[in-house]
Structure formats: structure tokens, C-alpha cells
Amino acid sequence: LESPTGTGKTLSIICSALQWLQDKQRALEQGEASGSANAKENQEVQSNQEEPDWLRDFEQNAEQRLKEDRKQRRARRRERACAELAKHKAMFEKKAMA
């Protein structure tokens, strides 16, 4: 596509790709709602065949990234709590010496 900068070329491509994904997922959900015996299995097979690898990888790694993020936040809270405790301990010891 040739067009000047700022005319929305990238946005239009992204929007159309996302709409395609939504349409495919909606079609799969409607197939499941129609009462197919193996709908869930068919949905997983079709989903794996139609989704790009990067999207599948992102979804699979999302839970792991969330766990890592929670772990890091807990570690930072623990460090702040320990620093605060050390500060109060030092103040208490200073008053006890006085």
C-alpha cells in the first residue's frame, strides 16, 4: 500500500486482522452452541490450526508471565517490609541506648 504517513494503513490492517479472528472465534462458538457432540474438540483443533503461532505462544505464556509478575511484586513488598522493619528496629535500639 502506498499512501502518505498518518493515513491509517497499519491501523486498517490490524483492524481487519482482528476482525477476522473475532469472526472465526464467533463461528466456532456458534458451531459449539448448535449441539455438536465433539464441538469442544473440533474447536481446539480448528483453533490450533487457524491461530498464528505467535498468538498461541502468547496465550500459553500469559499465565506464566502473570505468575512471574506476582512473584516479583511479592518479593518487592517483602523487601520494603524488611527495610521498614529494619528502620523501626534501629530507631527502637537507638531509643533503648539513650
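Is Lys87 buried, partly exposed or exposed, and what is its relative accessible area? Lys87 comes out as partly exposed, with a relative accessible area of 45%; here buried means under 20% relative accessible area, exposed means over 50%, and partly exposed is anything in between (1.4 Å probe, protein chains only). The model behind this value is a predicted one, in which local features need pLDDT of at least 70 and side-chain atom pairs count only at pLDDT 80 or more, while totals for chains, interfaces and linings use all residues. Residues are numbered from 1 along each chain as its sequence is written, and side-chain values use heavy atoms, with hydrogens and water left out.

As for the overall layout, the protein chain has three helices and zero strands. Helices (H or I, at least four residues) and strands (E, at least two) are taken as DSSP runs and numbered from the N terminus. Going along the sequence, the pattern reads α-α-α. Just 8% of the 98 residues in the protein chain count as buried. The chain's accessible surface is about 8,800 Å², and carbon and sulfur atoms account for 54% of that; such areas come from the Shrake-Rupley method with a 1.4 Å probe, and for residues only the protein chains shown count as cover.

Next come the charged pairs. Side chains of opposite charge can pair when their charged atoms come close. Counting a salt bridge wherever a side-chain nitrogen of Lys or Arg lies within 4 Å of a carboxyl oxygen of Asp or Glu, the total is five. One of them brings Lys87 together with Glu84, at 3.6 Å from N to O. These two residues sit about one helical turn apart because they are three residues apart in helix α3. Glu84, like its partner, falls in the partly exposed class, at 37% relative accessibility.

Helix α3 also holds both Asp69 and Arg73, four residues apart, or about one turn of the helix. Their salt bridge has its closest N and O atoms 3.2 Å apart. Asp69 is partly exposed at 32% relative accessibility, and Arg73 is partly exposed too, at 36%.

Over in helix α1 (residues 9-33), Asp23 and Arg26 are three residues apart, again about one turn. Their side chains meet in a salt bridge of 3.4 Å, N to O. Asp23 is partly exposed with a relative accessible area of 37%, and Arg26 is partly exposed with 42%. Helix α1 is home to Gln25 as well, which is partly exposed at 38%. The C-alpha atom of Gln25 lies 10.0 Å from that of Glu51, a residue 26 positions away along the chain.

Some charges go unpaired and cluster instead. Arg70, Lys71, Arg74, Arg76, Arg77, Arg78 and Arg80 make up a positive surface patch. Patches are built from residues with over 30% relative accessible area and no salt bridge, joining like charges within 9 Å and nonpolar side chains (Val, Leu, Ile, Met, Phe, Trp, Tyr) within 5 Å. Lys and Arg count as positive and Asp and Glu as negative, with His and the chain ends not counted; each charge is placed at NZ of Lys, CZ of Arg, CG of Asp or CD of Glu. Within this patch, Arg76 belongs to helix α3 (residues 53-97) and is partly exposed at 38%.

Finally, the cysteines. With a disulfide defined as a pair of cysteine sulfur atoms within 2.5 Å, the structure has zero of them. Cys15 is partly exposed at 43% relative accessibility, and Cys82 is partly exposed at 48%.
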